[in-house]
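The following exercises concern the surroundings of a ligand and the enclosed cavities of a protein. Please work through each task with the sequence and structure at hand before reading its solution.

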Amino acid sequence: MWGGRFAEGPAAVMREINASIGFDKRMWRQDIQGSRAHAAMLARQGIVSAEDAEAIDRGLEQIAAEYADSGVPEDMRLEDIHMHVEARLAELIGPAAGRLHTARSRNDQVATDFRLWVRDAIDEIDTALAAFQSVLIGRAEEHAATVMPGFTHLQSAQPVTLGHHLMAYFEMVHRDRGRFEDARARLNECPLGSAALAGTGFDIDRFAVAEELGFDRPTDNSLDAVSDRDFALEFLFACATCSIHLSRLAEEVILWASQPFGFVQLSDAWSTGSSIMPQKRNPDAAELVRGHAGRIQGCLVALMTTMKGLPLAYSKDMQDDKPPVFEAHDLLALSIAAMTGMMGSIAFRADRMLQAAEAGFATATDLADWLVREAGVPFREAHHIVGSAVRLAETEGVALERLSIEQLKAIDPRIDNRVFGVLSVGASVASRTSHGGTAPDQVRARIAEARATIMGD
Ligand code: ARG
């Protein structure tokens, strides 16, 4: 492509280090899409003839059919996907192919292709996340009143409902989708026409090309357009944050599936066995989702580090922008699909959750609140009184609600029989009716609202 300048060809290793076709072939659809829009504009502006533009368009269409059919053939001498398409076009239509690259450089071309690719990826991930949210909502509705222990420091804290717990992840995913949406809105400007770095003297119509490719507008600075990759970084940050959320849920599934917890049983389809221990049902998929989150974060850090020292405009370092983005995308897509399948088929053991919720004196705060409300005791004093009650229950080896009224009165005479109304875990969760609280009615209200406003049901 630049043979005129050189007497000798590149060294073999030069070719190898320079080539990106091994990974950027994934952008072939976007590359052809961008080239077709560019060629059509060149013809409309009278920069290339209508016949040449038509030959270019037909040729590109044929290349798309070939690639869709049998993949992109890799030739390291042709470096990247842009060169592959152009070389194949020359084979198909002859010298007219050489007119496609008028008023364009691979620098604005790759920036455009990559934005288109990331935009498509965002749309695909959004659909997958919506499907995951539907599963969470369905399971949360089933378990809107199922009581489980809520934890802080992984110590039994206060009883909550399983539906509320699952809906917490729904909210995280809702924000994840918002982050992808924001990134999409900012990336949706078209670099094409920025050429190598300075713009072009040809009378091109950047607005028309931008519109044809579904962008909101052309970018406003040619140097910025060919050299920034913040759209990819934002995508990676959204992927990393989303993967952290999936990883936390995966971690809980792993804990809950362990024998001491026994809160869930994974379906056969989402468990693996052991070659030596016949009793095993291992949560490998959840562990891999947890593991993948680390790799996705690594992708974000990799690209941030690549970008941080680059002077304007394009440097070849930027070719390394694609592997981390592709990797993060693939790992995240797989993780979302795995968590969707796993959560859809997991069996929740409500009996075990209830038992655990009752075992940890989780209604101690309810007793303190009762003393404040019904007996006018200052909260700090109530905290102290309840501490004594818990200590007694612990020595006796019983739940708080199993202490007799005489025992409770001996601790503080202001306690009366009505207190038993708040000591059960069911009464505790039912009482948490503040907005966003764990009461089954609150959970059901949020589910209904989420269905109407977020899921569009
Ligand atoms: N394969 C290159 C990349 O991904 C395309 C741009 C090449 N531009 C250049 N001036 N060498 O970054």
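**Exercise 1.** In this predicted model, determine how the residues of the shell around the ligand divide into nonpolar, polar and charged.

*Solution.* The division is 2 nonpolar, 4 polar and 5 charged residues. To retrace it, list the shell: Ser 20, Asp 24, Asp 80, His 82, Arg 106, Asn 107, Val 110, Tyr 314, Lys 316, Gln 319 and Lys 322. Next, assign the classes: Val and Tyr count as nonpolar, whereas Asp, Lys and Arg count as charged. Finally, consider the origin of the shell: helix H6 (residues 106-142) gives the largest share, 3 residues.

**Exercise 2.** Identify the side chains whose polar atoms lie 2.8 Å from a nitrogen atom of the ligand, and state how much of the ligand the protein buries.

*Solution.* Begin with the ligand nitrogen: a polar side-chain atom of Asp 80 lies 2.8 Å from such an atom, and Asn 107 likewise places a polar side-chain atom 2.8 Å from a ligand nitrogen. Then turn to oxygen: an N or O atom in the side chain of Lys 322 is 2.7 Å from an oxygen atom of the ligand. Of the 340 Å² that the ligand exposes when taken alone, the protein buries 86%.

**Exercise 3.** Which helices each supply at least two residues of the lining of the second largest cavity?

*Solution.* The cavity has a volume of about 30 Å³. Its lining consists of His 38, Met 41, Leu 192, Gly 193, Ile 204, Arg 206 and Val 209. Comparing these positions with the helix ranges gives helix H3 (28-44) and helix H8 (206-212). By class, this lining has 4 nonpolar, 2 polar and 1 charged residues.

Notes:
Residues numbered from 1 in each chain as written. Predicted model: local features only at pLDDT ≥ 70, side-chain atom pairs only at ≥ 80, totals over all residues. Heavy atoms only, no water. Near = heavy atom within 4 Å. Polar contact = N/O pair within 3.5 Å; in protein donor to acceptor, adjacent residues only side chain to side chain. Areas by Shrake-Rupley, 256 points an atom, 1.4 Å probe, with all protein chains shown as cover. Helix = DSSP H or I, 4+ residues; strand = E, 2+ residues; numbered from the N terminus. 1 Å grid on protein atoms, 1.4 Å probe; cavity = no way out; pocket = protein on both sides within 12 Å on 5 of 7 lines; lining within 4 Å. Points joined across faces, edges and corners; volume = space filled by probe spheres on them.
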